[in-house]
Amino acid sequence: MNKPLEACLTIAGSDPSGGAGIQADLKTFTALKVYGCAAITCLTAQNSKGVLSYKAIDGNFLYEQICLVLEDLPISHIKIGMVGSKEAARTIGKSLQGFKGQIIYDPVLKASDGSSLIQPGTLEQLQDHVLSKATVITPNLPELQILTDTSCETPQEAISQASHLFEKFPTLEAIVITGGHFPTESNALTDFLVIKPKSNSKRGPQIEKSSHQRISTRNTHGTGCTFSSAFTAYHLKNGDHKKAFLKTVEFLDQLLRKSSLYYIGSGHGGLVHHLFEQEQRNL
Ligand code: PLP
């Protein structure tokens, strides 16, 4: 028998413009040479100028999509993006019962044009059914503020609030806070990885940082989805939160730079994932 090829499953919304959602996730998996599967939570109508509308997929149908993939393919990592509805949150929770691998959740709540990507009143269901199963979450600052119900603003405040999530959600092993929304005086920005302390340790969480230049570009659509799926793919390849974090920041940096040279719609274009070039020595 051939050896099983470890694979990732993304559970997310569809973006027909190709910049965000499952389209971004699958392109990321392929750019990083990881086999990707996709179960669709909802369909959106959008382009680079914004999200016009979305329709949730029926819960039973979402359940079938996820279960059929999980019972057949060697999925070690699941990435969750836009959940969209209460029914989808409950369905995801039910279908992932018993899954033993990594679950990386990007808590997509709003698009960058401000439109809401969850039905009103879904937050509690997201916490009970999705966040409660995640091993890693990858919020940006506004998403972290909503998840912690605080108005944290500085990196120190954000890290401190994020650390409380380890007590509330025992499956969580690490939290990546992407740094694009922190106020900075220079052109540099910093992403943070907060790793849960070992249960017998008296120390606080381990904090890793990665600083890089802010790239001046309009092509930022779907960077959150791409970050989270790249983290998932790198984690599958190397099994380590810190290595996955550092490689993901480099991946995003390279893609933002390369994608900034292209016109991909009149608003905020997506990233051009196939431009990514892996350094030979790091394959
Ligand atoms: N559409 C879908 C399906 C998404 O999953 C997301 C973000 O995760 C977005 C839109 C929002 O993308 P952006 O933040 O670039 O507006």
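## Ligand contacts and helix packing

S112 puts a polar side-chain atom 2.8 Å from an oxygen atom of the ligand. Keep in mind that this is a predicted model. Below is a quick run through the ligand surroundings, a loop serine, and two helix pairs that share α7.

**Around the ligand**

- There are 13 residues around the ligand, and the ones that come nearest are Q46, S112, H221, G222 and C225.
- Q46 has a polar side-chain atom sitting 2.8 Å from a nitrogen atom of the ligand.
- For H221, the partner is an oxygen atom of the ligand, with a polar side-chain atom of the residue 2.9 Å away.
- C225, one of those nearest residues, also turns up on the α7 side of the contact between α1 and α7.

**S115 in its loop**

- You'll find S115 in the loop that runs between β5 (102-105) and α4 (123-130).
- Its side chain makes a polar contact of 2.5 Å with the side chain of D113.
- If you skip the neighbours within four places in sequence, S115 is in contact with V51 and K110.

**α7 against α8**

- Helix α7 covers residues 223-238 and helix α8 covers residues 241-259; their axes come within 8 Å and cross at roughly 135 degrees.
- Why is α7 called oblique to α8? It's because of that crossing angle of roughly 135 degrees: oblique takes in what is left once angles under 35, over 145 and from 65 to 115 degrees have been set aside.
- As for handedness, α7 passes α8 in a right-handed crossing.
- On the α7 side, the contact uses T223, T226, F227, A230, F231, Y234, H235 and N238.
- These meet a set of α8 residues that includes H241, K243, F245, V249, F251, L252, L255 and L256.
- Sorted by class, the α7 and α8 contact holds 11 nonpolar, 6 polar and 2 charged residues.

**α1 against α7**

- Helix α1 (residues 21-31) packs on α7 at an angle of about 40 degrees, and the two axes are 9 Å apart.
- This crossing is right-handed too.
- From α1, the residues making the contact are G21, A24, D25, T28 and F29.
- From α7, they are C225, T226, S229, A230, T232 and A233.
- The class count here is 5 nonpolar, 5 polar and 1 charged residues.
- T226 and A230 of α7 take part in this contact with α1 and also meet α8.

Definitions and conventions:
Residues numbered from 1 in each chain as written. Predicted model: local features only at pLDDT ≥ 70, side-chain atom pairs only at ≥ 80, totals over all residues. Heavy atoms only, no water. Axes fitted to C-alpha atoms, helices over the stretch in contact; angles between N-to-C directions. Helix = DSSP H or I, 4+ residues; strand = E, 2+ residues; numbered from the N terminus. Left-handed = near helix turned anticlockwise from the far one by under 90°. Contact = heavy atoms within 4.5 Å. Nonpolar A, V, L, I, M, F, W, Y, C, P; charged D, E, K, R; others polar. Near = heavy atom within 4 Å. Polar contact = N/O pair within 3.5 Å; in protein donor to acceptor, adjacent residues only side chain to side chain.
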